[in-house]
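Colleague: I'd like to learn how to read a fold like this one. Could you walk me through it, feature by feature?

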Amino acid sequence: MTTVPAKDDQEDIEATGGSGIADDPSEISLDPGAVLADSGVEELLATLDAELVGLAPVKTRIREIAALLLVEKLRAQVGLSAGPPSLHMSFTGNPGTGKTTIAMRMAEILHRLGYVRKGHVVAVTRDDLVGQYIGHTAPKTREVLKKAMGGVLFIDEAYYLYRPENERDYGQESIEILLQVMENQRDDLVVILAGYHDRMDRFFESNPGIRSRIAHHIDFPDYTLDELLAIARLMLDQMHYRLSVEAEAALVEYIELRRSQPSFANARSIRNALDRARLRQANRLVARRGQELTREELMTIEAQDIRASRVFGEEVQEPEAAVDDSAVRPS
Ligand SMILES: Nc1ncnc2c1ncn2[C@@H]1O[C@H](COP(=O)(O)OP(=O)(O)OP(=O)(O)O)[C@@H](O)[C@H]1O
Ligand SMILES: [Mg+2]
């Protein structure tokens, strides 16, 4: 289980949940622009646009949710509260399409708009929720829920909670508790279930109770070749590296080849490929002993740093390629 604390603990924004009507209505600002600016959400949405390539449908959905919360806040100020909306979500998509990344951003936005008190994320998988022996599951699940209260509970590969092939599976017990809390404490906890599309569909079919409590199903598409390239450029830029013209062409070829392999994990595979290219660049530079390196050289990834990858053919011996963890498991 990992817990990611909220970036800031700003307490100045009051929760939407029926906090009542202001004493002096003339002092209320009902200008959505002003409230957005105040909450810092506009800024968060802007960094989301700048730092995450593509994902247009996901970004649109986040804006819609932000608008809903904002209007609910304004409505509450004039006594029109409809109560906090249900915000449990499911994120479906292939490996490395940004589900975990967006969950973190979402928690921050929900916090800034006063929907959750703390805005931290507790990320878990089945093993954190379900025990091995009778009587272990309920306390385990409750402990996780306690940690997540006031923030977001992110359940990765949620379908592993349900194992129909096991007659006596404790996962069911965990699901029952989650269902209760999703219903009764939805003003203080947002549950995000994540996983691959088809398995998630089957999970929802077998667990209609869960499906009916999920207000937002968000699908994360695979990245296009251009988007993967843009992600590579963005990542390199953030690390102060650049590609030579030839390296850029090599990277396009690399991505085309890598994309057709079964272990391909979208943006994560790009990150891994760049890490290995950095390793090769470092080796290449260190091998040039006795020569001063320029700033330009320290920054530049050359074509050979990309082309030494085993993706280009088995004849290239390259021990570090075996370290590629993108094939193993999602983070
Ligand atoms: N749209 C994007 N723009 C830039 N970087 C991205 C984008 N999407 C993902 N990344 C980066 O790719 C990596 C993998 O993303 P993330 O862990 O969010 O994927 P995931 O969908 O949760 O994968 P998995 O299903 O395997 O858990 C992260 O390093 C993230 O920063
Ligand atoms: Mg993930």
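Modeller: Sure. Let's start with strand β2, which is mostly covered, with five of its five residues buried. Keep in mind that this is a predicted model.

Colleague: Which residues point which way from β2?

Modeller: On one side you have M89, F91 and G93, and on the other S90 and T92, and all are buried.

Colleague: And how do I read the pairing of strands?

Modeller: The general idea first: strands of a sheet pair through backbone hydrogen bonds, and they do so either parallel or antiparallel. In this case, β2 (residues 89-93) runs parallel to β5 (residues 190-195), and four bridges join them. To find the register, look at the partners: M89 has I192 of β5 as its bridge partner, and T92 stands opposite G195 in β5.

Colleague: What does β2 pair with besides β5?

Modeller: β6, again in the parallel sense, over five bridges. G93 has its bridge partner in β6 at F220.

Colleague: Then what is the strand order of the whole sheet?

Modeller: Reading across, you get β1-β3-β4-β5-β2-β6, an open sheet of six strands with mixed pairing. From one strand to the next, the twist averages 20°.

Colleague: Why is one side of β1 and of β6 left without a neighbour in the sheet?

Modeller: β1 (2-4) and β6 (216-220) stand at the edges, and each has a single partner strand, so one side of each lacks a neighbour in the sheet.

Colleague: Where does the mixed pairing show up?

Modeller: Go through the pairs. β1 and β3 run antiparallel, joined by three bridges, with T2 standing opposite A123 in β3. Then β3 and β4 pair in the parallel sense over four bridges, and A123 has F154 as its bridge partner in β4. β4 (residues 152-156) pairs with β5 over five bridges, also in the parallel sense. One pair to look for there is L153 with V191 of β5.

Colleague: Is β5 buried or exposed?

Modeller: Mostly covered: six of its six residues are buried. V190, I192 and A194 point one way, V191, L193 and G195 the other. You can read β3 (residues 121-124) in the same manner: V121 and A123 point one way, V122 and V124 the other way, and all are buried.

Colleague: What lies across β2 and β5?

Modeller: Helix α8 (residues 197-206), which runs at about 145° to β2.

Colleague: Let's turn to the nonpolar core. Which residues touch the most other members?

Modeller: In the largest core, which has 53 residues, those are A103, L110, V152, L153, F154, V191 and I192. Helix α4 (residues 99-112) gives the largest share of this core, six residues. Try V152 as a worked case: leaving out residues up to four places away in sequence, V152 touches A103, M106, A107, V116, V121, V190 and I192. There's also a second, separate core of 20 residues, including L236, A250, I301 and V311.

Colleague: And how do I read a packed pair of helices?

Modeller: Look at the distance between the axes, the angle, and the residues in contact. Here, the axes of α6 (residues 137-148) and α7 (residues 171-184) come within 9 Å and cross at roughly 35°. The crossing of α6 past α7 is right-handed. From α6, the contact uses T137, A138, T141, R142 and L145, and from α7 E173, S174, I177, L178 and V181. By class, that contact has five nonpolar, three polar and two charged residues.

Colleague: What about a loop residue? Say D169.

Modeller: D169 is found in the loop between β4 and α7. A residue counts as buried at 20 or more other C-beta atoms within 10 Å and as exposed at 12 or fewer. D169 has 16, so D169 is partly exposed. D169 also lies 9.8 Å from G131, C-alpha to C-alpha, with their positions 38 residues apart in sequence.

Colleague: Finally, how many helices and strands does the protein chain have?

Modeller: There are 14 helices and eight strands. Of the 331 residues in the chain, 36% are buried. For contacts between residues at least 6 apart in sequence, 80% join residues at least 24 apart.

Definitions and conventions: Residues numbered from 1 in each chain as written. Chains lettered and ligands numbered in written order. Predicted model: local features only at pLDDT ≥ 70, side-chain atom pairs only at ≥ 80, totals over all residues. Axes fitted to C-alpha atoms, helices over the stretch in contact; angles between N-to-C directions. Helix = DSSP H or I, 4+ residues; strand = E, 2+ residues; numbered from the N terminus. Left-handed = near helix turned anticlockwise from the far one by under 90°. Contact = placed C-beta atoms within 7 Å. Nonpolar A, V, L, I, M, F, W, Y, C, P; charged D, E, K, R; others polar. Core = buried A, V, L, I, M, F, W, Y, C linked by C-beta atoms within 7 Å. Pairing = 2+ DSSP bridges.
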